[in-house]
Amino acid sequence: MDIENEQTKKLNENDMENLNENTDGVFTENFTNNDLNKIREVPMTNDYQDKNDGEKAKNDLENSKKSLGKMVKRFRRRMLVSFVTVALIAALIGGGIVAGIMEYTNLGQKTQVINRYLPLSSNNSNANLITNIAKIVSPSVVGIDTSATYSNGFRSAFVSEGSGSGIIIDSQGYIVTNYHVIEGASTITVSLSDGRKFSAQLIGKDSKTDLAVLKINATNLTAAKLGDSSKLEVGDLAVAIGNPLGESFAGTVTSGIISGLNRNLQSDYGAVNLIQTDAAINPGNSGGPLVNSNGEVIGITSVKLTSTDDNSTQGSFGMYQSQSTPVEGMGFAIPINEAKPIIDELIKHGYVERPMMGVSVQEVTQQDAAQYNIPVGLYIAQVQQGSGADEAGLQAGDVITAVDGTKVQTFDALQSIISKHKVGDTITVAFWRNGKTLSTKVKLMSSSNAQ
């Protein structure tokens, strides 16, 4: 029995040393040889000299050894979980799958590491997020090629005019694109992502918002899901899909973020409210979708700013071109919430019905006013025959100075007032003529009369 006790003591001391080496710095509980002696002590007195008593002592010793073994296994399992957790944290941070914020907190003698993971998307499939977006949305993106009729006096021919992109918005074949993509086109050809090509019919167009709706007779079409652009925040993911530079680069996918919201930009079609993004947008992307992290269309790509020069001009693809200071990463898209009612109107009527006075105007600046001795306002260059302005007696040469009691010095200011009315409403117009300020009532007509 003394030999067995001595061997057990050496075995347990070795196990304890190994345990202390493997758990150094990890556990706050410390075990000493005295603690182990308490576990393995088996009193050996004369009361335990018979066989039964010896067997009992042996069983007690074995039970003590088993208890120690269980403790060692339990500690090793804790160590393994700790090492696996640390390895997982290192892998996540090193792989860049999620963003992590680590906070260290002292809890007595322990240091606890708290990891808060900030997912880039709701489903945590960040590694394949853009790939999945492209798979979902690309079948709804089309290429658009246009041609115009050319005649030299003896014969006519169709000449390639340009190309752009479009979005299938329902399974019946309706497609939305930019007005400037199809402007002046005699024929329009739509190319689907599966290689099929169709002649397209122009359903409606609106130059003010730079939107147009086409229709093709095709089956098995995948319509894009339209999102809610009012929920966008600066910094949100933005993915652009389209055909930059034509069919050779069809289905190009670029990504970035929402760089700005409510950007008011002047174009050939007037002031427009746009989404700004740094996702790459190039000629041919016009009319294609700008998509959020859920694969929903939140904008229709329209313009790319390439210069800050005041003399910049807008090309056929809505691109600003100049020899001045180059600008990179400034693309713009029409918010889908503003496009939806226009699209519905175009499908329903072929045009957008807006209230209008029936005048063409030119802004009179302070400098112009001083030079020509006329008031600051809006100089009427032309009055549409039969319009509300014509019936109210307004003439070319008059200068509009106020509408409904509000001074107007810019075209946008006039449009802002008129847009708050409906077709058939009457507005009060103050105007200057031959040194006198006069006033008249103008009944607003429908813009459809000017189509």
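# Reading a predicted model, feature by feature

Q: Glutamate 296 has a relative accessible area of 16%, so should I read this residue as buried or exposed?

A: This model is predicted, and every value here is computed from it. Buried means under 20% relative accessible area and exposed means over 50%, so glutamate 296, at 16%, counts as buried. For comparison, asparagine 282 has 28% and is classed as partly exposed, while lysine 225, at 54%, counts as exposed.

Q: How much of the whole protein is buried, and what supplies the surface that it exposes?

A: Of the 451 residues, 38% count as buried. The protein exposes about 25,700 Å², of which carbon and sulfur atoms supply 48%.

Q: Before I go further, what confidence does the predictor give, and where does pLDDT stay under 50?

A: The mean pLDDT is 74, and 62% of the residues reach 70 or more. Residues 13-51 stay under 50, although the model has 34 contacts beyond four places in sequence for them, and residues 310-323 also stay under 50, with 39 such contacts.

Q: What secondary structure does the model have, and what share of the contacts comes from residues 24 or more positions apart?

A: The secondary structure comes to 9 helices and 25 strands. Among contacts with a separation of 6 or more, 58% are between residues 24 or more positions apart.

Q: How should I read a salt bridge, and how many does a search of the whole structure find?

A: The general idea is that side chains of opposite charge can pair when their charged atoms come close. In this structure the search finds 4 salt bridges. One of them joins arginine 354 and aspartate 206, with N and O 2.8 Å apart. Arginine 354 sits in the loop between α6 and β18, whereas aspartate 206 belongs to strand β8, so this pair ties together parts that are 148 residues apart in sequence.

Q: What surrounds aspartate 206, and is this residue buried or exposed?

A: Aspartate 206 is buried, with a relative accessible area of 6%, and lies in strand β8, which spans residues 201-206. Its side chain makes a polar contact of 2.5 Å with the side chain of threonine 209, and another, of 2.8 Å, with that of arginine 354. Beyond its neighbours within four places in sequence, aspartate 206 has contacts that include Tyr179, Leu211, Ile342 and Val352.

Q: Which salt bridge does glutamate 296 form, and where do the two partners lie?

A: Glutamate 296 pairs with lysine 225, and the closest N and O atoms are 3.5 Å apart. Here too the pair links distant parts of the chain, since glutamate 296 is in the loop between β13 and β14 and lysine 225 is in the loop between β9 and β10, 71 residues apart.

Q: Which residue pairs with arginine 433, and are the two partners buried or exposed?

A: Arginine 433 forms a salt bridge with aspartate 398 at 2.8 Å between the closest N and O atoms. Arginine 433 lies in strand β23 and aspartate 398 in the loop between α8 and β21, so the pair ties together parts that are 35 residues apart in sequence. Both arginine 433 and aspartate 398 are buried.

Q: Strand β23 came up just now; in what sense does it pair with β24, and what does the hairpin contain?

A: In a regular strand the side chains alternate between the two faces of the sheet. Strands β23 and β24 pair in the antiparallel sense over 8 bridges, and threonine 426 has lysine 443 in β24 as its bridge partner. The hairpin has 2 residues between the strands, and asparagine 434 takes a positive phi near 50 degrees there.

Q: Loops can also hold residues with many listed neighbours; where is asparagine 243, and what does its side chain reach?

A: Asparagine 243 is placed in the loop between β10 and β11, and it counts as buried, with a relative accessible area of 7%. Its side chain reaches the backbone nitrogen of glycine 251 at 2.9 Å. Outside four places in sequence, the residues in contact with asparagine 243 include Val142, Gly164, Phe249, Pro283 and Asn285.

Q: How far apart in sequence and in space are asparagine 282 and glycine 242?

A: They are 40 residues apart in sequence and 9.1 Å apart in space, C-alpha to C-alpha. Asparagine 282 lies in the loop between β12 and β13.

Notes: Residues are numbered from 1 along each chain as its sequence is written. This is a predicted model: local features need pLDDT of at least 70, side-chain atom pairs count only at pLDDT 80 or more; totals for chains, interfaces and linings use all residues. Side-chain values use heavy atoms; hydrogens and water are left out. Helices (H or I, at least four residues) and strands (E, at least two) are DSSP runs, numbered from the N terminus. Buried means under 20% relative accessible area, exposed over 50%, partly exposed in between (1.4 Å probe, protein chains only). Contact means heavy atoms within 4.5 Å. Accessible areas come from the Shrake-Rupley method with a 1.4 Å probe; for residues, only the protein chains shown count as cover. A polar contact is a pair of N or O atoms within 3.5 Å; within protein, one must be able to donate a hydrogen and the other to accept it, and residues adjacent in sequence count only if both atoms are side-chain atoms. A salt bridge is a side-chain nitrogen of Lys or Arg within 4 Å of a carboxyl oxygen of Asp or Glu. Two strands pair if DSSP finds at least two bridges between them. pLDDT is the predictor's confidence in each residue, from 0 to 100.
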